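Me: I'd like to learn how to read the ligand sites and the odd backbone spots in a model like this one. Can we go through them one at a time?

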Amino acid sequence: MPRALYTDYPWPNAALEQSILSQVDCEVVVAPAGDEETLIRLAADVDCIITCWAPVTARVIDAASHCRHIARTGIGLDNIDVASATERGMIVTNVPDYCIPEVAEHTLALLFALGRKIHVYYQLAQAGEYNRQAGMPMERMEDQTVGVVGTGQIGSLVVERLAALGMRVLANNRSQQVPAGCEWCPLEQLLAESDYVLLLCPLTDETANLISTAELKTMKPTAFLINTSRGGLVDHQALAEALEAGEIAGAGLDVQVPEPPDLSVPPYNDPRVIVTPHAAFLSTRALHELRSRVAQQVVAVFKGETPECIVNGPT
Ligand SMILES: NC(=O)c1ccc[n+]([C@@H]2O[C@H](COP(=O)([O-])OP(=O)(O)OC[C@H]3O[C@@H](n4cnc5c(N)ncnc54)[C@H](O)[C@@H]3O)[C@@H](O)[C@H]2O)c1
Ligand SMILES: O=C(O)[C@H](O)CO
């Protein structure tokens, strides 16, 4: 009987997956922990690895000698060594488009919260203080500039929505092709001119610590950094130092390093920083789509069919 290994299973129940996986006779194993040694031990005996958060490293892949398929429950592929899997002839799939509106909305929610100082008023009100002045200075949104780094699916939707609000939008994308509603500009200029810098590019070797000391110094002291992509894009020690030095005004961080981070230390405990728990992708609709499509991909491979959303071409 084929076996499928969940490296982690973050959902409250498995009824949705069970109803789909029951199309094939397979045994499902859930790893008790997502560390490398546990996964190496369990991977030796499975035909498929399904991962949400746990890193599927080259060592795990080497140990998975019968595995044909690694399924990523999500868009980002930064926790899978896709090159090693491809070398070993494994199919790697993801679900590239299940939560585009959700992440765009979450990004905009952080932008509005920071710009309208909702976090400042909320913290004061919780402490019993009704203090209008504490939110100043505050600017009209349409007088401000947003810089979007990465105008793929999510970035493009964010640009469209920001342009509809009448905001000036600068964009930096590796391909230099950017959607209507924004103007392409070099990263340094984007950082220097934006009131909000939004990070929406994938985490790769090239983008790791994309925003560090020099980039933060380039930003305006009144500007906000918003990261809804991957924590590894930002050097968080440098961010803590930039906040301490007053080099930027605040941040919205849906993603951190590690996850969960130590919330008791800077930059996470800074009242100018809004932290959300890697939740930008969440909605009832997105989760249903994500979970069911991953289970269908697993079934397809077990049936000898081609699953949707193969990211590593013919193997
Ligand atoms: N917080 C969440 O819950 C959540 C949910 C889904 C996705 N994500 C993250 O969002 C990322 C983006 O998703 P997407 O669907 O828009 O991806 P996408 O592949 O459609 O777009 C990414 C864009 O970034 C650009 N890019 C790559 N390297 C760049 C660089 N060095 N500088 C500038 N641009 C660069 C690419 O050209 C591409 O246009 C994912 O990789 C994932 O990590 C986060
Ligand atoms: O990559 C994604 O889809 C989200 O970050 C959730 O894992």
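Reply: Sure, pockets come first. On a 1 Å grid over the protein atoms alone, a pocket is an open set of points with protein on both sides within 12 Å along at least five of seven lines, whereas a cavity is a set where a 1.4 Å probe fits but cannot get out; lining residues have an atom within 4 Å of a point. A molecule sits in one of these if more than half of its atoms lie within 2 Å of its grid points. Here, the space taken by ligand 2 is the largest pocket, and ligand 1 sits in the largest pocket too.

Me: What should I keep in mind about the model itself?

Reply: It's a predicted model, where local features need pLDDT of at least 70 and side-chain atom pairs count only at pLDDT 80 or more, while totals for chains, interfaces and linings use all residues. Residues are numbered from 1 along each chain as written, chains are lettered from A and ligands numbered from 1 in the order written, and side-chain values use heavy atoms, leaving out hydrogens and water.

Me: Which residues are around ligand 2?

Reply: A residue counts as near if one of its heavy atoms lies within 4 Å of the molecule. For ligand 2 that gives Trp-53, Arg-72, Gly-74, Ile-75, Gly-76, Tyr-98, Arg-230, His-278 and Phe-281. By class, the shell has four nonpolar, three polar and two charged residues; Ala, Val, Leu, Ile, Met, Phe, Trp, Tyr, Cys and Pro count as nonpolar, Asp, Glu, Lys and Arg as charged, and the others, Gly among them, as polar.

Me: Which polar side-chain atoms lie by an oxygen atom of ligand 2?

Reply: A polar contact is a pair of N or O atoms within 3.5 Å. A polar side-chain atom of His-278 is 2.6 Å from a ligand 2 oxygen, and one of Arg-230 is 2.7 Å from an oxygen of ligand 2. On the backbone side, an N or O atom of Gly-76 lies 2.9 Å from a ligand 2 oxygen. Taken alone, ligand 2 exposes 230 Å², and the protein buries 93% of that (Shrake-Rupley areas, 1.4 Å probe).

Me: And what surrounds ligand 1?

Reply: There are 25 residues around ligand 1, with Gln-153, Ile-154, Asn-173, Thr-228 and Asp-254 coming nearest. The shell splits into eleven nonpolar, ten polar and four charged residues. Helices are DSSP runs of H or I with at least four residues, strands are runs of E with at least two, and both are numbered from the N terminus. Of the helices, α5 (100-115) and α7 (153-164) each supply at least two residues of the ligand 1 shell.

As for its polar contacts, a backbone N or O atom of Phe-281 is 3.1 Å from a ligand 1 oxygen. Arg-230 has a polar side-chain atom 3.4 Å from an oxygen of ligand 1, and a side-chain N or O atom of Glu-206 is 3.3 Å from a ligand 1 nitrogen. Alone, ligand 1 exposes 860 Å², of which the protein buries 87%.

Me: Where are the cis peptide bonds?

Reply: Most residues other than glycine have a negative phi, and most peptide bonds are trans. Here a cis bond joins Val-257 and Pro-258, with omega about -10°, and the bond from Glu-259 to Pro-260 is cis with omega near -5°. Pro-258 is in the loop between β11 (250-253) and β12 (273-275), and Pro-260 lies in the loop between β11 and β12 as well.

Me: What is phi of Lys-117?

Reply: Phi of Lys-117 is near 60°, a positive value in a non-glycine residue. Lys-117 is in the loop between α5 and α6 (118-126).

Definitions and conventions
Polar contact = N/O pair within 3.5 Å; in protein donor to acceptor, adjacent residues only side chain to side chain.
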